[in-house]
There are 2 protein chains.
Amino acid sequence: MKNLTLKDIATALNISVTTVSKALKNYPDVSAKTKERVKAYAKKVNFTPNAHAAFLRTQESKLIGVVIPRLNHFFFSNVLRGIMKAAEEKDYMVIVLSSDETYELEKKQINRLLQQNVDGILLSIADSTHDTKHIDAIIEQKVPLIFFDKYSKLSNCSSIVINDQKAAFNAVEHLIKQGKKNIAHLRGPFLPQNSIDRFLGYRKALEHYGLAYKKEWVFTCNQISNEEGYAYTQEIIKKHPEIDAIFAVADMPAVGAIKCLNEHNIAIPDQIAVMGFSNWRISNLVTPTLSTVNQPGIEMGEKAFQMFYREYQLMKKNETVIFEKIEVDTEIIIRQST
Amino acid sequence: MKNLTLKDIATALNISVTTVSKALKNYPDVSAKTKERVKAYAKKVNFTPNAHAAFLRTQESKLIGVVIPRLNHFFFSNVLRGIMKAAEEKDYMVIVLSSDETYELEKKQINRLLQQNVDGILLSIADSTHDTKHIDAIIEQKVPLIFFDKYSKLSNCSSIVINDQKAAFNAVEHLIKQGKKNIAHLRGPFLPQNSIDRFLGYRKALEHYGLAYKKEWVFTCNQISNEEGYAYTQEIIKKHPEIDAIFAVADMPAVGAIKCLNEHNIAIPDQIAVMGFSNWRISNLVTPTLSTVNQPGIEMGEKAFQMFYREYQLMKKNETVIFEKIEVDTEIIIRQST
């Protein structure tokens, strides 16, 4: 388990530590013969450069921390994939931690990452996070922090998000252009900004096209689940026969709605059209296939890492960092359900 | 970005490094007053203990590396969640790397992890890995290595897997007990052991119940995709009207099969029953819902971490490690499609 150090190799070969280091890095000012000797020996003893010793020298850990609300979630998995891909290009590795959507765990995970001396933190804040002291601590320690997807308006740092309001506006606009007039909304809970923004986009679209907004056509899915979508659609069928379209905050409730409409033999989209949000794999597998909004998760992840990297380079040079607020574009995916 | 050290705090407060360290760890032999003074100062200067300095002292990084073939894959996401959960209990953090199912990337990721001095590596090998030198290097460096789900029979280390052959046997047995006699198999590619094992379980069940095995009833899904399941089911409908059940290597091809049967108005399960494997979320959302085999991903991840932890503790004490081969049990989930 114990790794040899550069010094051990230098002693064994009776050369200087600097020469060993340069030989392993292929510096031109070390002879080919010495390089070969050092490399052969390093291979023989299974030498791998010690990342921790390197950190003490450079103050760079080449590690970033990512805190996401949930791991087995299609969108976040994609963001993570994008982060990992971009990190790899800069020879970074990614420590992944989950907050399970809780404030307490998020706080703990951030402390652990700071203790590990990561070079930066990428964070999508938990729905239940209500104060930002733990986030301010990152900024105070001058560790670059990038919010992705879910952010706190109170914190002074860069962020990359979906313009949820605009995306929801476009989704509802699409339903209206299909001739739908009485559009219900299966909204998300009241805390994360993106569920508020999607609701606001829904309202704005109705307003913009002079359609009625009715409180009783809005249903709150606290779990953003398939089951809630199913149950509310049953309620819609029973109590609101005037509804001709459903716009859901995410694909899961939309899939529940489709299941319910299918079971009641209600024609989709002719009688009731259904629009989701997120473009999960499932949206293309249900019958009828679900129209939805595509969130470019991989792209968001890649950009989030690049934002960190840019800021980190500036901070290393003691240059001023101007924070960025990036919005990535979404697109409407039109399938059979509208 | 530069963290203060214990020594900086000791100098500032004019006490010993040991006292600072003990105070921060709440040791009983430091007075409450001193503890308070140290903690207040540590807080004021934003002190976080330096993980790298700690490593050089203890040779423990409190980091493990996980290399998975694909990140946005429901089963692996669950395994990862289990690993992260168990790691957290032992105050470990997890570096996650993907091999994208390629041998080259897997090799690179393992080298990066060894260079980072992780305390252990959890690996699910890529389908295309054809030689195990990079894996032997882990073992030679006395870094505990645990295989999960996909493993190499050639490597001498612990592993935790699903008994795929038995699971597939049980799945096909279930179809037979529903009265099905001509059972097709949408199998996986020829390289990963689990797709071979599922195929062998299928054959064994047919043999055990005295049913016909026909080569032309076996179709290879190289991508294990929805599209392949759809296409092969079209072929089955056209060329093999005798088929009364389909057992798929995974849920995705099974979902493709259901889609195809629905479009051809073939009654599921009466005319053709469909059985998947993996219990992805999708299996409960298609119409009819899909019977499948549940793979306990979270449990597998938790156990994999615990196996690493046990071996690591033994190795630290220079005690002999006896490798474990653990098989986790699967269960048949019966839904509408059978």
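**Helices, strands and loops in chains A and B**

Trainee: At what angle to strand 6 of chain A does helix 10 (residues 226-239) of chain A run?

Mentor: In this predicted model, helix 10 of chain A lies across three named elements of the chain, namely strand 6, strand 7 and strand 8. Taking strand 6 of chain A as the reference, the helix runs at an angle of about 150°.

Trainee: Which strands are the edge strands of the open sheet with the order 7-6-8-9 in chain A?

Mentor: The sheet has four strands, and their pairing is parallel. Neighbouring strands are turned against each other by 15° on average, with direction ignored. An edge strand here pairs on one side only, and in chain A this applies to strand 7 (218-220) and strand 9 (273-275).

Trainee: Which residue in strand 8 of chain A stands opposite A:H185?

Mentor: Strand 6 (residues 183-187) and strand 8 (residues 245-248) of chain A run parallel, and four bridges join them. Across this pairing, the residue of strand 8 that stands opposite A:H185 is A:F247.

Trainee: Is strand 2 (residues 93-98) of chain A largely enclosed or largely open?

Mentor: A residue counts as buried if 20 or more other C-beta atoms lie within 10 Å of its own. From strand 2 of chain A, A:M93, A:I95 and A:L97 point one way while A:V94, A:V96 and A:S98 point the other way, and all are buried. Because six of the six residues of strand 2 are buried, the rest of the structure leaves this strand largely enclosed.

Trainee: Which residue in strand 2 of chain A is the bridge partner of A:V66?

Mentor: Strand 1 (residues 63-68) of chain A runs parallel to strand 2 of chain A, and the two are joined by six bridges. In strand 2 of chain A, the bridge partner of A:V66 is A:V96.

Trainee: Are helix 1 and helix 3 of chain A roughly perpendicular or oblique to each other?

Mentor: The axes of helix 1 (residues 6-13) and helix 3 (residues 32-44) of chain A come within 11 Å and cross at roughly 120°. Angles from 65 to 115 degrees count as roughly perpendicular. The crossing of helix 1 and helix 3 of chain A is therefore oblique.

Trainee: How do the residues of the contact of helix 1 with helix 3 of chain A divide into nonpolar, polar and charged?

Mentor: Helix 1 of chain A passes helix 3 of chain A in a right-handed crossing. Helix 1 brings A:I9, A:A12 and A:L13 to the contact, and helix 3 brings A:R37, A:V38, A:Y41 and A:A42. Sorted by kind, these residues are six nonpolar, no polar and one charged.

Trainee: Are helix 2 and helix 3 of chain B roughly parallel or roughly perpendicular to each other?

Mentor: Helix 2 and helix 3 (residues 32-44) of chain B pack with their axes 9 Å apart, at an angle of about 85°. Angles from 65 to 115 degrees fall into one class, and helix 2 and helix 3 of chain B are therefore roughly perpendicular.

Trainee: How do the residues of the contact of helix 2 with helix 3 of chain B divide?

Mentor: On the side of helix 2 of chain B are B:T19, B:V20, B:A23 and B:L24, which meet B:T34, B:K35, B:V38, B:K39 and B:A42 in helix 3 of chain B. The residues of this contact are five nonpolar, two polar and two charged.

Trainee: Is B:N14 buried or exposed?

Mentor: B:N14 is found in the loop between helix 1 (6-13) and helix 2 (17-24) of chain B, and its phi is positive, about 60°, although it is not a glycine. A residue counts as exposed if 12 or fewer other C-beta atoms lie within 10 Å of its own. B:N14 has 6 such neighbours and therefore counts as exposed.

Trainee: Is B:D149 buried or exposed?

Mentor: B:D149, a residue other than glycine, has a positive phi near 60°, and its place is the loop between strand 4 (145-148) and strand 5 (158-162) of chain B. Because B:D149 has 26 C-beta neighbours inside 10 Å, it counts as buried.

Trainee: What is the omega of the peptide bond from B:I268 to B:P269?

Mentor: B:P269 is found in the loop between helix 11 (251-263) and strand 9 of chain B. The peptide bond from B:I268 to B:P269 is cis, and its omega is near 5°.

Key: Residues are numbered from 1 along each chain as its sequence is written. Chains are lettered from A and ligands numbered from 1 in the order in which they are written. This is a predicted model: local features need pLDDT of at least 70, side-chain atom pairs count only at pLDDT 80 or more; totals for chains, interfaces and linings use all residues. Axes are lines fitted to C-alpha atoms, for helices over the stretch in contact, and angles run from 0 to 180 degrees between N-to-C directions. Angles under 35 degrees count as roughly parallel, over 145 as roughly antiparallel, 65 to 115 as roughly perpendicular and the rest as oblique. A crossing is left-handed if the near helix is turned anticlockwise from the far one by less than a right angle, and right-handed if clockwise. Two residues are in contact if their C-beta atoms, placed from the backbone, lie within 7 Å. Ala, Val, Leu, Ile, Met, Phe, Trp, Tyr, Cys and Pro count as nonpolar, Asp, Glu, Lys and Arg as charged, and the others, Gly among them, as polar. Two strands pair if DSSP finds at least two bridges between them.
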